[in-house]
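Reader: I am new to this structure and would like to understand how its charged side chains are described. Could you take me through the reasoning step by step?

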Amino acid sequence: MFRERFLYTNPAFQRIAGYTRNEMLGLGFVDLVDESSQQFISCLVHQYEQSSEDNFREELRILDKEGNEHWLFLTSSM
């Protein structure tokens, strides 16, 4: 099952997003995207949960703590 909150984020991602490690652990994917992208993220998560894949890879546009946009290639393992 997909976890709603990050269990780990690397320091580079934390710098890009503008959050501390502890702040990041309280967040999830949907907290880093605008409202119009939340449905897209939900669909991706649903597809991932229904597949037999062990890894999740996607290019996503996130908003940092200040609201600035960044494109990231995201990889996650279950």
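Reader: Which residue forms a salt bridge with glutamate 69, and how far apart are the closest N and O atoms?

Author: In this predicted model, the partner of glutamate 69 is arginine 61, with the closest N and O atoms 2.9 Å apart. The cut-off for a salt bridge is a nitrogen within 4 Å of a carboxyl oxygen, and 2.9 Å satisfies it, so the pair is called a salt bridge.

Reader: What makes Asp34, Arg61 and Glu69 a network?

Author: Arginine 61 also forms a salt bridge with aspartate 34, where the closest N and O atoms are again 2.9 Å apart. Because arginine 61 lies in strand β1 while aspartate 34 lies in the loop between α2 and α3, this pair ties together parts that are 27 residues apart in sequence. Salt bridges thus link Asp34, Arg61 and Glu69 in a network.

Reader: Why is aspartate 34 called partly exposed?

Author: Its relative accessible area is 21%, and since buried means under 20% and exposed over 50%, aspartate 34 falls in between and counts as partly exposed.

Reader: How many salt bridges are found in the whole structure, and which residue does glutamate 23 meet in one?

Author: The search finds four, among them the one in which the side chains of glutamate 23 and lysine 65 meet at 2.8 Å, N to O. This pair links distant parts of the chain, with glutamate 23 in helix α2 and lysine 65 in the loop between β1 and β2, 42 residues apart.

Reader: How do you know whether lysine 65 is buried, partly exposed or exposed?

Author: Lysine 65 has 41% relative accessibility, which lies between the limits of 20% and 50%, so lysine 65 counts as partly exposed.

Notes
Residues are numbered from 1 along each chain as its sequence is written. This is a predicted model: local features need pLDDT of at least 70, side-chain atom pairs count only at pLDDT 80 or more; totals for chains, interfaces and linings use all residues. Side-chain values use heavy atoms; hydrogens and water are left out. Helices (H or I, at least four residues) and strands (E, at least two) are DSSP runs, numbered from the N terminus. Buried means under 20% relative accessible area, exposed over 50%, partly exposed in between (1.4 Å probe, protein chains only).
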